[in-house]
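Q: I am new to this structure, and I would like to learn how to read its features one at a time. Could you take me through them with care?

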Amino acid sequence: FTFDIYRKVPKDLTQPTYTGAFISILCCVFILFLFLSELTGFIATEIVNELYVDDPDKDSGGKIEVSLNISLPNLHCDLVGLDIQDEMGRHEVGHIDNSMKIPLNQGDGCRFEGEFTINKVPGNFHVSTHSATAQPQSPDMTHTIHKLAFGEKLQVQNVKGAFNALGGADRLSSNPLASHDYILKIVPTVYEDLSGKQRFSYQYTVANKEYVAYSHTGRIIPAIWFRYDLSPITVKYTEKRQPFYRFITTICAIVGGTFTVAGIIDSCIFTASEAWKKIQIGKMS
């Protein structure tokens, strides 16, 4: 029994007090509050972000998936086409794979929805009448962009990124014969969940300008240009949760620290009250 560091004090040698009871109740309430706070923090998932220079999705074959949804309320579907160009020599006029044209305004307008891939090099894709059999006299390029997104779709509540920065862009009140340049800076983005699974997407910033462009014959041939370049910086979001050992350590510190401080306060109050009683007894005698 000489190794017992938790030696017991007989009950007849202890003295309960109202102050001690009050401090004990406050102590238990305080411990419960801190315990629930730590438990909430332990269960919750924290999103940590970091920046680094690298191509995160090396298995993509140098391709980026693009999803485009745009409405041109004053241009017939027969005239609407998608063209793709880049610095690797790609020049595709009238891209039709995985695309759909939906007539609007009783056939006078068109909604273009398409999914395609671009190379990871600077380039552009544009909506125009270039692929039409016969060019219209005055094509109206007023439009609304519903969606322009790159890569895999991320639906994460705690990540507020510019994954669809042009979504909702309205150019219906602009000059009908004007061309529109959207200059995009694409930022690779990685999201890693608690299991270690990674999803690859892309955010982008955008600047735009509006101008009237003339061809070499003097005709106005407007288009909606999306000129893109890739950023060398990758943004990574990682889900993390507090380790269990740290949670247990924190709980032990809360319980032990609270009881220790409460014991010191109770001892000080008890000592002061006993000293006051002796003073009062001395005055009476």
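**Overall form**

A: We can begin with the radius of gyration, which for this protein is 35 Å, whereas a compact globule of 285 residues would have one near 19 Å. Please keep in mind throughout that this is a predicted model.

Q: Into what box do the C-alpha atoms of the protein fit, taken along the principal axes?

A: Taken along those axes, the box that the C-alpha atoms fill is roughly 120 × 45 × 30 Å.

Q: How many helices and strands does the protein have, and what share of its residues counts as buried?

A: The secondary structure consists of 2 helices and 13 strands. A residue is called buried when its relative accessible area is under 20%, and 34% of the 285 residues are in that class. As for the surface, the accessible area is about 17600 Å², with 59% of it belonging to carbon and sulfur atoms.

Q: How should I read contacts between residues that are at least 6 apart in sequence?

A: One looks at how far along the chain the partners are from one another; here 80% of such contacts join residues at least 24 apart.

Q: What can be said about where the charges lie?

A: One can compare the mean position of the positive charges with that of the negative ones, and in this protein, with 26 positive and 30 negative charges, the two mean positions are 10 Å apart.

**Annotated regions**

Q: Where does UniProt place the feature "transmembrane region", and what is the chain like there?

A: An annotation of this kind may be inferred rather than shown by experiment, and the unreviewed UniProt entry gives residues 17-36 and 244-265. In the model, residues 17-36 are 95% helix and 0% strand, with 29 Å between the end C-alpha atoms. Residues 244-265 are 100% helix and 0% strand, and their end C-alpha atoms lie 32 Å apart.

Q: Which residues does UniProt give for the feature "domain: Endoplasmic reticulum vesicle transporter C-terminal"?

A: The unreviewed entry places that domain at residues 102-266, a span that is 14% helix and 44% strand in the model, with its end C-alpha atoms 78 Å apart.

**Single residues**

Q: What is notable about the phi angles of Asn98 and Gln106?

A: Most residues other than glycine have a negative phi. Asn98, however, has a positive phi near 50°, and this residue is in the loop between β4 (91-92) and β5 (99-104). Gln106 likewise has a positive phi, near 60°, and is found in the loop between β5 and β6 (109-119).

Q: Why do Asn98 and Gln106 count as exposed?

A: A residue is exposed when its relative accessible area is over 50%. Asn98 counts as exposed because its relative accessibility is 63%, and Gln106 does so because its relative accessible area is 83%.

Q: Where is Thr250 found, and which residues does it touch beyond four places away in sequence?

A: Thr250 is part of helix α2 (residues 244-284), and, with residues up to four places away in sequence set aside, it touches Glu38 and Gln242. Thr250 is partly exposed because its relative accessible area is 22%. The C-alpha atoms of Thr250 and Leu34 are 9.7 Å apart in space, although the two residues are 216 apart in sequence.

Q: How far is Ile220 from Tyr191, C-alpha to C-alpha?

A: The separation is 44 Å, for residues that are 29 apart along the chain. Ile220 is in the loop between β11 (198-211) and β12 (224-230), and its contacts, leaving aside neighbours within four places in sequence, include Pro139 and Leu177.

Technical notes. Residues are numbered from 1 along each chain as its sequence is written. This is a predicted model: local features need pLDDT of at least 70, side-chain atom pairs count only at pLDDT 80 or more; totals for chains, interfaces and linings use all residues. Side-chain values use heavy atoms; hydrogens and water are left out. Helices (H or I, at least four residues) and strands (E, at least two) are DSSP runs, numbered from the N terminus. The radius of gyration is taken over C-alpha atoms; the globule rule is 2.2 Å times the number of residues to the power 0.38. Buried means under 20% relative accessible area, exposed over 50%, partly exposed in between (1.4 Å probe, protein chains only). Contact means heavy atoms within 4.5 Å. Accessible areas come from the Shrake-Rupley method with a 1.4 Å probe; for residues, only the protein chains shown count as cover. Lys and Arg count as positive and Asp and Glu as negative; His and the chain ends are not counted. The place of a charge is taken as NZ of Lys, CZ of Arg, CG of Asp or CD of Glu.
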